[in-house]
Amino acid sequence: MQSPFRALLFDFDGLIVDTEWPIYNAWRQTFRDHGHSLPLEIFTQCIGTDFDTWSPKTHLEELTGDRIDWHLLDNARQARIETELVGATAMEGIPKAVKAAKAAGLKVAVVSSSSHRWVDEWLKKIGLFEQFDTTVCRDDAERIKPAPDLYLVAARQLALEPATCLVIEDSVNGIKAAKSAGMPSVAIPNRVTAGCDFSLADRVLKSAAELLALI
């Protein structure tokens, strides 16, 4: 059966590479160092977007009642994240799903609120960069998720109508962006976002391996 879609648009963090767990661990340690906890249900507010939506920095300063010098903390946190990610590979089912989509004649793209430096370098590390028709990142649109801008830029770059592009996301902010862009969406929660409410998504899958049935 021919797919009703003409493109698959993949988020990156937490969907293609499990970057979100190390990021959460690093932030959780920062909070512990200041005598506070950081529950997942609080932290997930910033998954898929930036700190304009919800900021762990502002939250920690509110909890402590102090202004924090973030420069050294930011460098240490990033070093911790990159150390934990050494040797990371693509998440389960992603390479097969990308390969199957291309074999079916579909376009494939990565659409992320992160930077090109982060996304493109990781795609090269895991050997998938050349497989995607385009990558659209935070510098490519005025607004990032949950705004629809990044997804609409991807549709224009692929010369496709938004309704023909299936979005695959792991965050609620990403699903909101897809809905605002007029695109069907599939949620694949990870260990950070597993407790989130994905009722806005058209479907919720257990892993990217289940995408093969939709292609």
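User: Which residue just after α1 takes a positive phi?

Analyst: G35 does, in this predicted model. Its phi is about 80°. G127 is a second case: just after α6, this residue has a positive phi of about 75°.

User: Where does a residue that is not a glycine have a positive phi?

Analyst: At A159, with a phi of about 60°. A159 sits in the loop between α7 (149-157) and β4 (165-169).

User: Is A159 buried or exposed?

Analyst: A159 counts as exposed because its relative accessibility is 66%, and the cut-off for exposed is over 50%.

User: Staying with the backbone, which peptide bond is cis?

Analyst: The bond from K145 to P146, with omega near 15°. P146 belongs to the loop between β3 and α7.

User: Now helices. How should I read residue spacing along one?

Analyst: An α-helix has 3.6 residues a turn, so residues three or four places apart point the same way. Now take α1, residues 20-33. This helix has 14 residues. From first C-alpha to last it reaches 20 Å, close to the 20 Å expected at 1.5 Å a residue.

User: Which residues of α1 are buried?

Analyst: E20, W21, P22, Y24, N25, A26, W27, T30 and F31. What they pack against is α2 (40-43), α3 (56-64) and α4.

User: Take one residue from that list. How do I read T30?

Analyst: Start with the element, then accessibility, then partners. T30 is in helix α1. T30 counts as buried because its relative accessibility is 7%, and the cut-off is under 20%. Leaving out residues up to four places away in sequence, T30 touches L60, W70 and R77.

User: What does L63 contact, leaving aside its neighbours within four places in sequence?

Analyst: F31 and H36. L63 itself lies in helix α3. F31 is one of the buried residues of α1.

User: And why does L63 count as partly exposed?

Analyst: Because its relative accessible area is 36%, and partly exposed covers values between the 20% and 50% cut-offs.

User: How do sequence separation and distance in space compare for L63 and G35?

Analyst: Read the two numbers side by side. L63 and G35 are 28 residues apart in sequence. Their C-alpha atoms are 9.3 Å apart in space. Set beside that the pair I42 and A76, which are 34 residues apart along the chain. Their C-alpha atoms are separated by 22 Å.

User: Where is I42, and what does it contact?

Analyst: I42 is in helix α2. With neighbours within four places in sequence left aside, its contacts are W54 and H59. I42 counts as partly exposed because its relative accessibility is 27%.

User: Let's move to α6. Which of its residues are buried?

Analyst: W118, V119, D120, W122 and L123. The buried residues of this helix pack against α4, β2 (107-111) and β3.

User: What links α6 to β3 at the level of single residues?

Analyst: Look at T135, which lies in strand β3, residues 134-136. The side chains of T135 and D120 are joined by a polar contact of 3.0 Å. D120 is one of the buried residues of α6.

User: Is T135 buried or exposed?

Analyst: T135 counts as buried because its relative accessibility is 13%. Beyond neighbours within four places in sequence, T135 is in contact with V110, H116, D120, L123 and D140.

User: Last topic: pockets. How much space lies in the largest pocket?

Analyst: About 640 Å³. The largest pocket is lined by 23 residues. Closest to its centre are D13, I23, T49, F51 and S114.

User: Which helices supply at least two residues each to the lining of the largest pocket?

Analyst: α1, α4 (70-84) and α6 (116-125) do. Of the elements, α4 gives the most, with four residues.

User: How do I read the chemistry of the lining?

Analyst: Sort the residues by class. The lining of the largest pocket divides into eight nonpolar, seven polar and eight charged residues.

Key: Residues are numbered from 1 along each chain as its sequence is written. This is a predicted model: local features need pLDDT of at least 70, side-chain atom pairs count only at pLDDT 80 or more; totals for chains, interfaces and linings use all residues. Side-chain values use heavy atoms; hydrogens and water are left out. On a 1 Å grid over the protein atoms alone, a cavity is a set of points where a 1.4 Å probe fits but cannot get out, and a pocket is an open set with protein on both sides within 12 Å along at least five of seven lines; lining residues have an atom within 4 Å of a point. Grid points are joined across faces, edges and corners, and a volume is the space filled by probe spheres set on the points. Ala, Val, Leu, Ile, Met, Phe, Trp, Tyr, Cys and Pro count as nonpolar, Asp, Glu, Lys and Arg as charged, and the others, Gly among them, as polar. The expected span of a helix is 1.5 Å times one less than its number of residues. Buried means under 20% relative accessible area, exposed over 50%, partly exposed in between (1.4 Å probe, protein chains only). Contact means heavy atoms within 4.5 Å. A polar contact is a pair of N or O atoms within 3.5 Å; within protein, one must be able to donate a hydrogen and the other to accept it, and residues adjacent in sequence count only if both atoms are side-chain atoms.
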